[in-house]
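Colleague: Please pick one part of this model and take me through it closely. I am new to this, so explain each term as you reach it.

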Amino acid sequence: MKILITGGVGYIGSHTCIELMTMGHEAVVFDNLSNSNIAVLDRMRSIVGCAPIFVQGDIRDASALERLFKSHKFDAVIHFAGLKAVGESTKQPIQYWDHNVVGSLRLCEAMNAAGVRTLVFSSSATVYGAPKTVPFREDFPLAATSPYGNTKLTVEGLLRDLAATHDVSWKIAILRYFNPVGAHPSGLIGENPNGLPNNLMPIISQVAVGRLEKLNVFGNDYPTRDGTGVRDFIHVVDLAKGHLAALNALSDMQDDEKIMTVNLGTGRGYSVLEITRMFESVSGCVIPLAISPRRPGDIAESYADPSLAYQKLGWKAELDLERMCRDSWRWQSMNPNGL
Ligand code: NAD
Ligand code: UFG
């Protein structure tokens, strides 16, 4: 199949391109490089033997999208492009609505005009807000606790509306990711945040290589095993494979189903201290840490019920916490200053 991957130079998109090309699909990447580095394309070539076709552009640019869809006949689109930092979204809500909501709307318009109506969308566990129980199931009530979360909820709503139209037939998979970590086992690509990282794993690995002084643990008084936050960390390669499984499931989808929404997680939670200890053990580095106040907006515990993904996609995560830490460390130690 010929697949358009928006945001395909980024962290999850680049790992997904590798899986797609390895399975013989043709990949065309559309990315404005606002949070990624073009050097990733050469790294992909070293891993797979070929690189995707790259088109630099912005998903908010309707004429660029029109040209893109005129130049290529796509079978499906995987839509990663957007902004993703929860804290930043509270300071720049307009940018988040512009890139994530307006950009997604423009993309859907261009797809519709070109008659390409098979779409896999990157959503997030953040759409569950702060549920009272774990594991999180897809039928839990939805709530946003940040502008970022609102943009994901809004795009999910747009996609449900598209799927409900009768005159044309969309096939849509909404994938709600839990906490992606890890890197390609080659160590050639991985998470490459611009500026100071916000997420736990890049912070731990930057402390390990000496770029950051210490890890601030945001709260040790949560009602969890050791008092620190618990998350469902998922290896980015498993996550990438989930997108291939979603494309296959959309190909087999009955005409009347039109949309599916599934969690992509492992179904297991680890605490901030547990993942830090695992990282120390595989890297041989000591991670100095300090207990800090809770981070506003954080919840105590988040992990997926991944059974619907297995049922609908035949997919389940396979790589364990040790592999996640080992692969993150290989990437960080081979590229101490990123790309
Ligand atoms: P990333 O920032 O590494 O990748 C996003 C890519 O999109 C970047 O290459 C960036 O340059 C590009 N981009 C941003 N705005 C664009 C625009 N307007 N037009 C074209 N390109 C644009 O992020 P990621 O971690 O790979 O996340 C991919 C998707 O998954 C995002 O939609 C994110 O919200 C979602 N998601 C990520 C996480 C996570 O923790 N990484 C968790 C849940 C959901
Ligand atoms: N944490 C620390 N110190 C840090 C950074 C994080 O203790 O310096 C803790 C947090 O308090 C939390 C855990 O590590 O308990 C994970 O935090 P992250 O920032 O790595 O991830 P979040 O669970 O807050 O959110 C991530 C993405 C969101 C996405 C969500 C669910 O950032 O975009 O996973 O997929 F929505």
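Modeller: Helices and strands here are DSSP runs (H or I over at least four residues for a helix, E over at least two for a strand), numbered from the N terminus. The model is predicted, so local features need pLDDT of at least 70 and side-chain atom pairs pLDDT 80 or more, while totals for chains, interfaces and linings use all residues. Residues are numbered from 1 along each chain as its sequence is written, chains are lettered from A and ligands numbered from 1 in the order written, and side-chain values use heavy atoms, without hydrogens or water.

Let us look at the surroundings of the ligands, beginning with ligand 2. A residue counts as near if one of its heavy atoms lies within 4 Å. By that test, 21 residues surround ligand 2. The closest are Ser124, Phe178, Asn216, Arg231 and Asp298. Helix H7 (200–208) and strand E8 (215–218) each supply at least two residues of this shell. E8 gives the most, with four residues.

What kinds of residue make up the shell around ligand 2? It has 10 nonpolar, seven polar and four charged residues. Nonpolar means Ala, Val, Leu, Ile, Met, Phe, Trp, Tyr, Cys or Pro; charged means Asp, Glu, Lys or Arg; the others, Gly among them, are polar.

Now the polar contacts (pairs of N or O atoms within 3.5 Å; within protein, one must be able to donate a hydrogen and the other to accept it, and residues adjacent in sequence count only if both atoms are side-chain atoms). An N or O atom in the side chain of Asn179 is 2.9 Å from an oxygen of ligand 2. The backbone takes part too. Leu200 has a backbone N or O atom 2.8 Å from a ligand 2 oxygen. For Phe218, a backbone N or O atom lies 2.9 Å from an oxygen of ligand 2. The protein covers 89% of the 700 Å² of accessible area that ligand 2 has on its own. Such areas come from the Shrake-Rupley method with a 1.4 Å probe; for residues, only the protein chains shown count as cover.

Next, ligand 1. Of the 28 residues around it, Ile12, Asp31, Asn35, Ser36 and Tyr148 come nearest. Polar backbone atoms of Ile12 and Phe80 each sit 2.8 Å from an oxygen of ligand 1. The side chain of Lys84 has an N or O atom 2.8 Å from a ligand 1 oxygen. The protein covers 96% of the 830 Å² that ligand 1 has accessible on its own.

Helix H1 (11–22), strand E5 (118–124) and helix H6 (147–163) each supply at least two residues of the shell around ligand 1. E5 brings the largest share, three residues.

How covered is E5 itself? Seven of its seven residues are buried, that is, under 20% relative accessible area; over 50% would be exposed, and in between partly exposed (1.4 Å probe, protein chains only). Thr118, Val120, Ser122 and Ser124 lie on one side, and Leu119, Phe121 and Ser123 on the other.

E5 also has partner strands. Two strands pair if DSSP finds at least two bridges between them. Strand E4 (residues 76–79) pairs with E5 in the parallel sense over three bridges. His79 has Phe121 of E5 as its bridge partner. Strand E6 (residues 171–177) and E5 are parallel too, over seven bridges. There, Thr118 is bridged to Lys171 of E6.
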